[in-house]
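Visitor: Could you walk me through this one? I'd like to go strand by strand where we can, and then step back.

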Amino acid sequence: MRRRLFAILAVTALVAAACTGRDDDEGTAATEETPAGPVTLTFWHGYSDAEAESLEALLDIWNADNPNIRIEPLFVNNDKALQKLTVALQGGEPPDITYQYGSSLPQLAAAPGLVDLTEWVQESEVNWEDFVPGARTAATFEDRVLGVPALIDNLAVVYNKTLFDDAGLEYPNDQWSWDDFRAAAAALTDPAEKRFGFSYPMDASEDTVWHYDPLLWQNGGSILTEDQTQAAFNSPEGVEALEVLTGMAVDDQSVFLDIQNSAYTDVFNSGRIGMLVTGPWDLPSLPDVDYGVEILPGFDGDHQTIAGPDMWCVFDNGEGRAQAALEFVKWLTDPEQIEQEALATGHLPIRLSVTEDAAFLEEFGQAFPGVDVFAENLANVEQARPVLAAYPQVSEAMGLAIVSAMLGESEPQAALDEAAAQANDALALGAA
Amino acid sequence: MDRFRRFLVSDHAAGWAFILPSVILIVVFGLIPIVWGLVLSFQKAGLISPEREWVGFENYTRIVSDPKARQAAVNTITYTVLFVPTSIMAALFVAHALNRKIAFIRFYRLAVFIPVVTSTIATGIMFLWLFDKNFGLANWLLGKIGLGPFGFFEDPDQAMIALVLMTIWGWLGFDTIIYLAALQGVPHELIEAAAIDGASRWSTFWRVTWPMLGPATLLLVVWSTISALQLFDEVFFVTKGGPLGRTSVLVFYVYRLAFEQGLGALSLAGYAAAIAYVLFLVILVLTLAQFWLGRRVVHYQS
């Protein structure tokens, strides 16, 4: 019955899709209209625990100061925020403001009622140039700004100091090459103790792919050709980057292969993984380990990393609500609020002016040991993933290739060539 | 007008009034979606956007040349072929074992049925832990008798088997209850007559009891086949179609296309609907065939 029920629901959603329809398919420009009376805006976010507390505190301030624009928060799991939004759009009642992953943007861009912010962000009060560059790129699709940066993460090495001490190894440093990393991972591995040097997300999702991207970029490769019409990750640079990972996973057997991508924090926290490549969001899940944070190892001294930016999107529900929503988003992403939120949650500040504030950084580093390394690591973000409608399929092909090679099911070159062929098909069809 | 009044006081009207709530639900959540799904399958569409484009049978012809659809179809068939006979045979065995008067029999029956009412998520978490390659109880126990370690969900060649085992465990109780009821409906005089005629217990079971279970077996075969072809929850939650797409079944693939990858304008929702429709037709034909075959071989007690 459970299966049956699901099937019915899925079909219903597909159908609702077929029969509803709003005419405005392009993003609407921000209206000048202001609400006549007090409005209550629906605000979707995916924050829990300390993040939610910090958000509630901010909302209390806003709601006390702005009786005319009341914000009503609703928790929506970030991983399914796009699906939830789709359902809400089919019902004709999107939230006024919603948190969305940057990677969802190409699909989101087609949503009816999504407010085009291109002109609004040029207003001086928003101070658009003050947002971290990678976050700005990620909120822009085909020259249209469709979101306001909400959060930015990046990848760095998180290592278990105790395991390094026990093995008599030196801690990672900012000069490390991937060869150094690989050697340390091998030295930390002990099959009898079920201990691994490194861990890798193996669910073939975007998480699998973005762990590989920095290696590809550091080595001089790229995901797509410059005109974004062909796959380029199967270049010699891309193969060499993947061989670093397969060398560890297949030859050294030094990697905890997290097939479901759900166990690594627990395993690291129980002292059985030496090094993770991850972002600051995992640090609160590692209370039992004395860990250190270091920037990524590099190829030939290139230590660039990758950013995962998320954003606030605004929907136009008429009656000046969009204008009110923008007022709130502007306030929420103001440096003052960003700083307060960062100190409460450990979120990396999304405003350059906050990141450059030395006094803030010191306080931040004391409150959240290691997070300051992530904050400074934002400067090592040089490239962004392609923002394309066909990207989900390109990503899926790459993810399967990486997993296949790391499981030893295929050779890196062959795996990436096959993925490139699939990616090229998807790019030619334009995601259709 | 006269006819209408006659209708109102007839049994027909009362009948319709009683079933109206279900009819509305079936129409709204069943019939209308079925029709609109069909419409969608001839369109190029993404669920987030209202844009639609008619493409005729393009979505259907595309299925043939899609390697991932083929992989999902093969996985779905593999799963069904493994799941249906194994789960039914296991249920028959368990039902037979529970069809006797021994101490604590209610407890045993309850224990067998509990997994059916346990949420799939709970079952999934438990099996992820049990079948964990490095730290799972299953590998620890098997290690004690010198087997393994097995990768289970983490090994591309074992994930499907692990999935079958997990779902059999989850669904065994349902099949068992059906068989248990059917076993208790087998007339005792038939068994007695067979015993008097000198039949062994083995041949009594296969010559008398098993034919009498025909209607229950037919029901379970049809029901399990439909459920197996529509497998989704366990894949969505436990394996996510992996590793390497080895457990990606059709409904899961449809979900990924329609709700994860193809939400954008003029994207993959229509194609996903086409796959869903092909699956619907396959299930329809299979079910009709099973009933047709069932009528010829199943013995209904008069």
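Visitor: Which residue is the bridge partner of Tyr159(A) in β12(A)?
Guide: In this predicted model, the residue of β12(A) that partners Tyr159(A) is Met275(A). The two strands involved, β9 (residues 156–160) of chain A and β12(A), pair in the antiparallel sense, with four bridges between them.

Visitor: And what stands opposite Phe198(A) in β12(A)?
Guide: Met275(A) stands opposite Phe198(A), so to speak facing a second strand, since β10(A) and β12(A) are paired over two bridges, in the parallel sense.Visitor: How many of the residues of β12(A) are buried?
Guide: Six of the six residues of β12(A) are buried, so the strand is largely enclosed by the rest of the structure.

Visitor: What is the strand order in the sheet that holds it?
Guide: The sheet is an open one of five strands, and the order in chain A is β11-β10-β12-β9-β13, with mixed pairing. Its edge strands are β11 (255–258) and β13 (291–294) of chain A, each of which pairs on one side only. From one strand to the next, the twist averages 25°.

Visitor: How many bridges join β10 to β11(A), and do they run parallel or antiparallel?
Guide: Strand β10 (residues 196–201) of chain A is joined to β11(A) by four bridges, and the two run parallel. Within that pairing, Tyr200(A) stands opposite Leu257(A) of β11(A).

Visitor: Which strands does helix α7 of chain A lie across?
Guide: Helix α7 (residues 178–188) of chain A lies across β10 and β12 (273–278) of chain A, and its direction is at about 115° to that of β10(A).

Visitor: OK, switching sheets. What order do the strands take in β3-to-β8 territory of chain A?
Guide: There, five strands form an open sheet in the order β3-β2-β4-β14-β8 of chain A, again with mixed pairing. The edges are formed by β3 (69–75) and β8 (148–154) of chain A, each pairing on one side only, and the twist from one strand to the next averages 20°.

Visitor: In what sense do β8(A) and β14 of chain A pair?
Guide: β8(A) and strand β14 (residues 307–314) of chain A pair in the antiparallel sense, over six bridges. One of the facing pairs there is Val148(A) with Trp312(A), the latter in β14(A).

Visitor: Which helices pack on this sheet, and what do they touch?
Guide: Helix α2 (residues 49–65) of chain A lies across β2 (39–45) and β3 of chain A, running at about 160° to β3(A). Helix α11 (residues 321–332) of chain A also packs on the sheet, where it touches β2, β3, β4 (97–101), β8 and β14 of chain A, and its direction makes about 55° with that of β2(A).

Visitor: Zooming out a bit, how is chain A divided into domains?
Guide: The assignment divides chain A into domain 1, made of 25–153 + 308–380, and domain 2, made of 156–304 + 388–429. Taken over C-alpha atoms, the centres of domain 1 of chain A and domain 2 of chain A are separated by 29 Å. Their contact takes 13 residues from domain 1 of chain A and 17 residues from domain 2 of chain A. On the side of domain 1 of chain A that touches domain 2 of chain A, the largest share, four residues, comes from helix α15 (residues 371–377) of chain A.

Visitor: Now chain B. How many helices and strands does it have?
Guide: Chain B has 14 helices and two strands, and its C-alpha atoms fill a box of roughly 75 × 70 × 35 Å along the principal axes. Of its 302 residues, 38% count as buried. Among the contacts in chain B with a separation of 6 or more, 69% are between residues 24 or more positions apart.

Visitor: And its domains, where do they fall?
Guide: Chain B is divided into domain 1 (2–40) and domain 2 (58–297), and the C-alpha centres of domain 1 of chain B and domain 2 of chain B lie 33 Å apart.

Visitor: Where does helix α2 of chain B bend?
Guide: Helix α2 (residues 11–40) of chain B bends by about 55° at Leu20(B), and a proline, Pro21(B), follows within four residues. The buried residues of α2(B) are Pro33(B), Trp36(B), Gly37(B) and Leu40(B).

Visitor: Last thing: which element of chain B has the lowest mean pLDDT, and which the highest?
Guide: Among the elements of chain B, the lowest mean pLDDT, 78, belongs to helix α1 (residues 2–9) of chain B, and the highest, 95, to helix α4 (residues 67–98) of chain B. For chain B as a whole the mean pLDDT is 91, with 99% of residues at 70 or more, while the model scores ipTM 0.82 and pTM 0.86.

Notes. Residues are numbered from 1 along each chain as its sequence is written. Chains are lettered from A and ligands numbered from 1 in the order in which they are written. This is a predicted model: local features need pLDDT of at least 70, side-chain atom pairs count only at pLDDT 80 or more; totals for chains, interfaces and linings use all residues. pLDDT is the predictor's confidence in each residue, from 0 to 100. Domain bounds come from an automatic or database domain assignment. Two strands pair if DSSP finds at least two bridges between them. Axes are lines fitted to C-alpha atoms, for helices over the stretch in contact, and angles run from 0 to 180 degrees between N-to-C directions. Two residues are in contact if their C-beta atoms, placed from the backbone, lie within 7 Å. The bend at a residue is the angle between axes fitted to the seven residues ending there and the seven starting there. A residue is buried if 20 or more other C-beta atoms lie within 10 Å of its own, exposed if 12 or fewer, and partly exposed in between; C-beta atoms are placed from the backbone.
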